[in-house]
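Dear colleague,

I am passing on a structure that I would like you to look through at your own pace. Please open it beside this message, and read the notes below with it in view.

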Amino acid sequence: MNDLSDLYQEEILAAAKEKHNFGVMAKADAQFSQHNTACGDKIAVQIKLSQDKTIIKDLKWQGDGCVISQASISKLSQVVIGKPVATVNAYSEKELLKLLRLKSIAPGREHCLQLGLQALKKALAITI
Amino acid sequence: MTRYISWYNRLMFDFKQIQGDFPILKRQVHGKPLVYLDNSATSQKPLQVIDAMRDYYTQHNANVHRGVHLLSDESTLAWEQSRKTIAEFFGAQAEELILTRNTTESLNGVAYGWADHQLRAGEVILTSLLEHHSNFVVWQQVARRTGARVEYLHLTETGHIDLDDLETKLSTGKVGLISLAHVSNALGSVTDLERLVALVKAHGSTGGGTRPKIVLDGAQAAPHLPVDFAKLGVDFYAASGHKLLGPMGSGILLVKKALLESGEMQPWFFGGGMIAEVGTKTTTFNENLADRFTPGTPDVASAVGLATACTYLTKLGMKQVAAHDLELVTYALEQLQQIPEITILGPSEAGSVTKPKRIGSVTFLYQGVHAHDVAQILDSEGVAVRSGQHCTMPLHTQNQWLATTRASFQIYNSKADIDALILALAKVKKVFN
């Protein structure tokens, strides 16, 4: 179980606030909106890929939610641009926890952590 | 101090004794004493309920009806006596009680057992925009199956179901079924049943000349208000036993006896126990109304547990329970509205036992902080609340609330728990400053 000071550490709060790569892309190769029915949070991800569709060239996201969901997609967006699609497709909770410097996440917050990654993976899936 | 004295004096039951009946309340969470304010989701269970179920399993367990041996007789007796006690608690006859797992199953029972057979294409099912998904999705599905149409009643500015809108919609003469929350799980608002029933009696006749049937979702009402099914004037009443101190997986559906006797309400689960004669071509159903709606082996232990919970609440007196709850809601509203970042949603006053306006819970928005983050921080202080949309997505969407935080109460909560909530909310500001 996380200590509250881990969950709401400065870096997480800052990532949620700064919303890296937040916005809309003019000509996206794919987009996907993931909705969390438990809390109403929604994250929409747009991506641009390399011509051979193997590298993520750009990512923009939109949506509103709790600190964890916002920090997770904000941080994730920073690291996936320039990465191979295959690498990102293999991401799981482990990578997200690492990005947020968390050891674990309570079961009730797993969906918050995963929301952005789920949207991204589905956006990637529909480009293939 | 005067406030506390007057409050305790008004209570007819021994508050310390009550808290002692719930061992879970002595738990620590994150090193802090547990303050459990998530009662709208499920209540805690008193030792009396836990002990009664343990006694059933350690002394009497056997299948009902079918055995010719002492344990089976004892189990059958426990089942029948429990049904009687539960029915009496709700002011119903034992034959009118169908035991289910929860309110959702009960509402589905009305859909499959009554609506699917009785509603015709073009008829209207009226529900409202504040309903729990279980009183929303069920009717959308019935509409798909029967060709009936679902219409939604609007809400008033105070967050109550708009009964003027009901009057307007009834005047079309097409309404076949009205299914509404007795108390809103998201806003705590209490529906004015007296007016609701009077309006339906006065205006509501469908093309065939019969008045529309009324279903009440009593999940958030039954734990807090006295329910007298014989006098309510409604046809179906659904509630969850687990929210009123009973075991998980216990719920009730009350159906007016006339609807059962006429066969208008039909069984929707089939199998052993509920039949009279089984042939290769046709099967007739049990004449005994209770058995007709009890397919397969029943959950006797849960029935025993729920009956014990009903007895526990009857001893306290449901009027006293209601008074206690209204007092807590009043105090919570008064306290929360003093925090500048907080916006209270739903009725701003609790009302009285005879005219309750808001009961069971207080829901709010915290400016600039998502409800999940509020709840997480409160949890770190030992305060358990619910955050999210509370299975009321249409209500949240209409009001553009992303997610809300709900503190909900039971008989074992005190003003000290609300004080703990207020103090814990200060930490939200600290973390997000």
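What follows is a short account of the fold of chain A and of its contact with chain B.

This is a predicted model, in which local features need pLDDT of at least 70 and side-chain atom pairs count only at pLDDT 80 or more, while totals for chains, interfaces and linings use all residues. Residues are numbered from 1 along each chain as its sequence is written, and chains are lettered from A and ligands numbered from 1 in the order in which they are written.

Chain A has 6 helices and 3 strands (DSSP runs, of H or I over at least four residues for helices and of E over at least two for strands, numbered from the N terminus), and from the N terminus on these elements run α-α-β-β-β-α-α-α-α.

The 3 strands form an open antiparallel sheet in the order 1-2-3, where two strands pair if DSSP finds at least two bridges between them. Strand 1 (30-35) and strand 3 (56-64) of chain A are the edge strands, each pairing on one side only. Strand 2 (residues 42-49) of chain A is joined to strand 3 by 8 bridges, and A:Ala44 stands opposite A:Gln62 in strand 3.

Buried residues, those with 20 or more other C-beta atoms (placed from the backbone) within 10 Å of their own, make up 40% of the 128 residues in chain A.

Finally, the contact between the chains, counted where C-beta atoms placed from the backbone lie within 7 Å, takes 11 residues from chain A and 15 residues from chain B.

With best wishes

Note on methods: Contact = placed C-beta atoms within 7 Å. Buried ≥ 20, exposed ≤ 12 C-beta atoms within 10 Å, placed from the backbone.
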